[in-house]
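Here's a short set of exercises to work through with the model open beside you. Try each task before you read its solution.

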Amino acid sequence: MTQKLNKTYNNLDKKYYLQTFKRYPLTFDHGKGSNIWDVEGNEYIDMLGGIAVNSVGHCHPKVVKAIQDQAAKLIHISNFYLSEPQVMLSKKLVELSGLDRVFFTNSGAESVEGAIKIARKYAHSIGRGGTIISFENSFHGRTMATIATGKKAYQKGFEPIPQGFSQVPFNDIEAIKKVVDNSTAAIIIEPIQGEGGVNIVDKTFLKALRDFCDEQRIVLIFDEIQCGVGRTGKMFAKEHFGVEPDIMTLAKALGSGVPIGAILSNKKVSSAIEFGDHGTTFGGNPLVCAASLATIEVIESENLMKQAEEKGNWLKSKIEGMKNPDIKEVRGEGLMIGVEFNFETKPLVVKMLENGVLANATANNVLRLVPPLNISYEDLEKAMEVLIKSLKELKDNG
């Protein structure tokens, strides 16, 4: 049998796969909990969690069993018909969120696209236009409409960018008031920005934004694709702020890695949607809904939100306790942590990878840590040792 090598798969990837990712030359073979192994048998501690996806760890036995059982029973049907997993997941998410309706998608970007459609349909029903306002440093996806809500860098080369989108500074209510007019349909915000550097919305601002949207009859959308489903120590990040959206988008951790997203909406905006206004072929099929139900069950039964809160506080205190002069700020909620440095963090991520820990650089100079919520303190200790070692090696190498 031919020996499996990272280099072999890396060369094949470069030959056949559309080169849209600057990948690290590792091919992963299997994982368990917060640990993952490449094809050569090298072990890593996963502090990235598939970018906040693997919240219950790799291959949690309850999720694996739910997928296996459902795959042997029924994988896919048309949304012309019902399936028990979809019905029960709909009920569960509505009860958990306090919103009234749910629609299932295949991804975060698709959830945001659907949220924009629902918001515009409602806005048009009350005589408003369709403009969507987002915030600087936000990230809502890679489709044409979602890049229109995000950074200019993601729009380069894809012109013409869809019209009807504008952007304002984060946490600035006066900037919102200046751009809103009767053409404004909705405002979309991440309560905690992920790709933008783990930036937390100001509670006073968010409450003022909710009041302003109510006054102006504007739809308020929360993008909880990265910060939702237990990541921050609450089931949804909105619970930290005491503010309710009209629409909320989910994905990432919702299915432990199977492609599922969701759009949740309140009665006010949901009532504007009519038969045929939206649809999906794969969204919410029996397999992904079974995986999602199992994921939520694990989060609740294993008290992972409490674990996220406690371990997140522990990890932040450890990082702050390093007293490293290159660290400008440590921020986040639960196990969604951003460590801002006074240098670009990609070399740090590479060095940590060499030392056996997966992490991520975002917003140029932020180290993002979003490990499984059930990661052990032993692995967190090891990850801290690697962070300290990697910073020293970078400094020693100039």
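**Exercise 1. In which strand is the place of Ala185? Then work out its surroundings.**

Before starting, two ground rules. This is a predicted model, where local features need pLDDT of at least 70, side-chain atom pairs count only at pLDDT 80 or more, and totals for chains, interfaces and linings use all residues. Residues are numbered from 1 along each chain as its sequence is written, and side-chain values use heavy atoms, with hydrogens and water left out.

Step 1: Ala185 sits in strand 7 (residues 184-189); helices (H or I, at least four residues) and strands (E, at least two) are DSSP runs, numbered from the N terminus.

Step 2: check the burial. Ala185 is buried, at a relative accessible area of 0%. The scale is: buried under 20% relative accessible area, exposed over 50%, partly exposed in between (1.4 Å probe, protein chains only).

Step 3: list the contacts, meaning heavy atoms within 4.5 Å. Leaving aside residues up to four places away in sequence, Ala185 touches Ala119, Arg120, Ala123, Gly129, Gly130, Thr131, Ile132, Ile218 and Val219.

Step 4: look across to Cys213, 28 residues apart from Ala185 along the chain; their C-alpha atoms are separated by 9.8 Å.

**Exercise 2. How many disulfides does the count come to?**

Step 1: apply the rule, a pair of cysteine sulfur atoms within 2.5 Å. The count is 0 disulfides.

Step 2: try Cys213. The closest cysteine sulfur, in Cys227, is 17 Å from the sulfur of Cys213, so that is too far for a bond.

Step 3: compare the settings of two cysteines. Cys213 is buried, with a relative accessible area of 1%, whereas Cys59 is exposed at 53%.

**Exercise 3. What is the strand order of the open sheet of 4 strands?**

Step 1: the order reads 1-2-3-15, and the pairing is mixed.

Step 2: find the edges. Strand 1 (28-32) and strand 15 each have a single partner strand, so one side of each lacks a neighbour in the sheet. Two strands pair if DSSP finds at least two bridges between them.

Step 3: zoom in on strands 3 and 15. They run parallel and are joined by 2 bridges, with Ile45 opposite Val357 in strand 15.

**Exercise 4. Which residues of helix 12 are buried, and what covers them?**

Step 1: helix 12 spans residues 346-354, and its buried residues are Leu348, Val349, Lys351, Met352 and Leu353.

Step 2: the cover includes strand 3 (43-46), strand 14 (336-341), strand 15 (357-358), strand 16 (360-362), strand 17 (366-369) and helix 13.

Step 3: read past the end of the helix. Gly356 follows helix 12 and has a positive phi, near 95°.

**Exercise 5. How many cavities of 30 Å³ or more does the structure hold? Describe them, then take on the second largest pocket.**

Step 1: get the terms straight. On a 1 Å grid over the protein atoms alone, a cavity is a set of points where a 1.4 Å probe fits but cannot get out; a pocket is an open set with protein on both sides within 12 Å along at least five of seven lines; and lining residues have an atom within 4 Å of a point. Grid points are joined across faces, edges and corners, and a volume is the space filled by probe spheres set on the points.

Step 2: there are 2 such cavities. The largest holds about 50 Å³ and has 14 lining residues, with Ile77, Asn79, Gln86, Gly284 and Asn285 nearest its centre.

Step 3: sort that lining by class: 5 nonpolar, 9 polar and no charged residues. Here Ala, Val, Leu, Ile, Met, Phe, Trp, Tyr, Cys and Pro count as nonpolar, Asp, Glu, Lys and Arg as charged, and the others, Gly among them, as polar.

Step 4: the second largest cavity, about 30 Å³, is lined by Met47, Met352, Val357, Leu369, Ala383, Met384 and Leu387. Its lining has 7 nonpolar, no polar and no charged residues, and helix 13 (residues 377-396) gives the largest share, 3 residues.

Step 5: the second largest pocket has about 990 Å³ of space. Its lining numbers 29 residues, and Arg101, Val102, Phe103, Ile273 and Phe275 are the closest to its centre. By class, that lining splits into 12 nonpolar, 12 polar and 5 charged.
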